[in-house]
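Reader: Can you walk me through this one? I'd like to start with the domains.
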Amino acid sequence: MVHELRGKTAIVGLGIGGLGEAPGRTSYEIMTESALAALKDAGLGLGDVDGLFCAMMEDSMSALMAAEYLGIRPRHVDSTMTGGSSFVHYLTTAAMALDAGLCDVALICYGSNQRTAAGKLVTASRIPPYEEPYQPRYPISAYAMAAARHMHEYGTTREQLADVAVAARAWAQPNPEAFERGDLTREDVLASRMVSDPLSVRDCCLVTDGGGALVLVRADRAGDFPNAPVHLLGMATDSTHRQISQMPDFTVTAARESGKRAFDMAGVSPADIDVLELYDAFTINTILFLEDLGFCKKGEGGAFVEGGRIAPGGALPVNTYGGGLSCTHPGMLGIFTVIEAARQIRGDAPGIQLDGVELALAHGNGGVLSSQVTAILGAASTV
Amino acid sequence: MTETGPDATFRDGLKRGEINLQKCRSCGQSIFFPRALCPHCHGTDLEWQPISGRGEVYTTTAVRRKPERGGDYNVCMIELAEGARMMSRVDGIAPEQVTIGLAVDLFVGEIDGRAAVLCKPVEG
């Protein structure tokens, strides 16, 4: 039976703002630039928006702050905070709200100035009390311990982790929006400064400024906008823990469940997907998600990414804009995974545009491998 | 008199030099961090038991820090003999020499003047 949310809604506008460095600007200014760009892309104005979905690093009542800032009074708001995955999760809640008639035009938006304002990752969340005394460097030590366990159980190597960073850089190099576009080799990654073993600086995402926004409507009117609609075919959320010390198995994420349910809703399988945009906060993420989403077997992710398989020209295009590792990572990356997936389907990716993309997967991660959200997007031909 | 909650009960024990662990009377699993119910079976009939003090390193990282700020240090996850896991630090060996599977003894030490569960490699 086809799930009742499959294909019911579509992305008709997308925008970015303040990518890289935006000195002297606030997070809400960057969010606003992104929102206005997405609305312009859709041929709409702020007066049309009646559903608002927003999470900011600095505020727990983000949707209220954003509505106030934008000068709108939406009929439906959502500030659900599952970390960086929130914006992929909003695809589900926006689709529900649109489908139920609670709103007609949904705006998902985000912005952060953390590179120029703070120079490091800004987070509103406290370090959990049973972890705080040991001073894990947050969040990298959590991912480092997952990587160490994966290496122990499956023989994954630092060289394989490095290949993830090298592939991301190769995608970023032709992308004018990407922050880091210089050459990067496996040797460069291995020689970079160790931060929390086995992860070095080049295993970590960037810290940039930037914002992004999406405009969604019900599919029955999605053809009435300037750009080709990108349809929401399958979305699912899962989580296993909040704090890393409670992760049941450090080598298996909840993406196994979110992926399965998203594929079920979309009625497609991994072999059907043309391009993947995975939340690569750290190099280990890409390996874990390729395994858990079913693109290779558990434990084989390290070997899978070798030899340029996920790089430009490889068999499986992954993070085609350069990802959080080389394009942008303004605190939370989720919305950018959706924006790039949608652009690849529309055919207007700023970097390498692949030919004939009909199905794209965007995957969000939140917390410390805690929240996993998978979305499968499709061109009109797939609905 | 109000009964002390699990979090305070654990912390009070630590201050006395004791490491106590909750165990679920319904499903038999041990529980950490301390809480008001069993996360495995959702039972609320929990008892406190002194910890065996034995465990092994489930995963580990050496956090790199400049020498003038105190140098590198270890952060790890310990799988207790009872089954539950907790974050801790292995003392007595270099942080990068802490390896997965290393057998450790737990003890109550101090971090920044506060009682904390620490570990050392099992001798011999």
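Author: The domain assignment, automatic or from a database, splits chain A into domain 1 (9–119 + 208–229) and domain 2 (136–177 + 234–377). This is a predicted model, where local features need pLDDT of at least 70, side-chain atom pairs count only at pLDDT 80 or more, and totals for chains, interfaces and linings use all residues. Residues are numbered from 1 along each chain as its sequence is written, with chains lettered from A and ligands numbered from 1 in the order in which they are written.

Reader: How far apart are the C-alpha centres of domain 1 and domain 2 of chain A?
Author: They lie 22 Å apart.

Reader: And how many residues of each are in contact?
Author: Domain 1 of chain A puts 29 residues in contact with 28 residues of domain 2 of chain A. Contact means that C-beta atoms, placed from the backbone, lie within 7 Å.

Reader: Which element gives the most to the domain 1 side?
Author: α3(A), with seven residues. At least two residues each come from β1 (9–20), α3 (86–99), β4 (106–112) and β7 (209–218) of chain A. Helices (H or I, at least four residues) and strands (E, at least two) are DSSP runs, numbered from the N terminus.

Reader: Switching to the chains. How many residues does the contact take from chain B and from chain A?
Author: Chain B provides 19 residues and chain A 18 residues.

Reader: Which strand has the largest share on the chain B side?
Author: β4(B), which contributes five residues to the side of chain B that touches chain A.

Note on methods: Contact = placed C-beta atoms within 7 Å.
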